[in-house]
Amino acid sequence: MIKAGSLFTQVLSFVNRGAFSQAVKQWDAERAAKGFRCWDQFVAMVFCQLGGADSLRGISGGLSTALGKLTHLGMREAPRRSTLSYANQAVYPFYILHQS
């Protein structure tokens, strides 16, 4: 029997978690984070793109329907709309793209 993960899991598997964590530390991207990590925001934004969500309610609601699978994606819980809104305003989203 062939076991295959969801498309979402397969897309996230292309991201090198070690390099991602190293970039977060290098750019001190989580200095003001209070429980909502950069990885959580990244997963939420990838979900938004793949799922075609056009609102914070769509992202939050979509992720909350997969509560059991969030741990496999590296998330503790589905983010609330207010948390996503704050993170998207406060966190500089391009820290991963910079090269030193």
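These legends walk through several close-up views of a predicted model.

As a predicted model, it is read with limits: local features need pLDDT of at least 70, side-chain atom pairs count only at pLDDT 80 or more, and totals for chains, interfaces and linings use all residues. Residues are numbered from 1 along each chain as its sequence is written, and side-chain values use heavy atoms, with hydrogens and water left out.

**View 1. The whole protein is built from six helices and zero strands.**
Along the sequence the pattern reads α-α-α-α-α-α. Helices (H or I, at least four residues) and strands (E, at least two) are DSSP runs, numbered from the N terminus. Of the 100 residues, 28% are buried; here buried means under 20% relative accessible area, exposed means over 50%, and partly exposed lies in between (1.4 Å probe, protein chains only). The protein exposes about 7,100 Å², and carbon and sulfur atoms supply 55% of that area, as computed by the Shrake-Rupley method with a 1.4 Å probe. Take the contacts between residues at least 6 apart in sequence: 62% of them join residues at least 24 apart, where contact means heavy atoms within 4.5 Å.

**View 2. Phe 8 meets Phe 47 edge-to-face.**
Rings of Phe, Tyr and Trp (its six-membered ring) pair if their centres lie within 6.5 Å; planes under 30 degrees apart count as stacked, over 60 as edge-to-face and the rest as tilted. The count of aromatic pairs by this rule is four. In one of them, Phe 8 and Phe 47 sit 5.8 Å apart centre to centre, with 80° between the planes. This pair links distant parts of the chain, 39 residues apart: Phe 8 belongs to helix α1 (residues 7-12) and Phe 47 to helix α3 (residues 38-51). Phe 8 is buried, at 14% relative accessible area. Beyond its neighbours within four places in sequence, Phe 8 also contacts Val 43, Val 46, Leu 50 and Leu 73, among others.

**View 3. Trp 39 and Phe 42 form a tilted aromatic pair.**
Their centres are 5.5 Å apart, and the planes make an angle of 40°. The two residues are three apart in helix α3, so about one helical turn separates them. Trp 39 is buried at 5% relative accessibility, whereas Phe 42 is partly exposed at 27%. Phe 20 joins Trp 39 and Phe 42 in one aromatic cluster. Look also for Arg 17, whose charged end sits over the ring of Trp 39, 3.9 Å from its centre; the rule asks for NZ of Lys or CZ of Arg within 6 Å of the ring centre and within 35 degrees of the ring normal.

**View 4. The largest nonpolar core has 21 residues.**
Such a core is a set of buried Ala, Val, Leu, Ile, Met, Phe, Trp, Tyr and Cys residues joined through side-chain atoms within 4.5 Å. Phe 8, Leu 12, Val 43, Ile 59, Leu 63, Leu 70 and Leu 73 touch the most other members. Two or more residues come from each of α1, α2 (17-26), α3, α4 and α6, and α3 gives the most, with six.

**View 5. Helix α4 (residues 56-64) has buried residues Ile 59, Ser 60, Gly 62 and Leu 63.**
Seen down the axis of α4, its buried residues fall within an arc of 165°, so they line one face of the helix. The arc is that of the directions from the helix axis to the C-beta atoms. From Ser 60, Thr 83 is 23 residues away in sequence and 9.6 Å away in space, C-alpha to C-alpha. Thr 83 lies in helix α6 (residues 81-90) and is partly exposed, at 28% relative accessibility.
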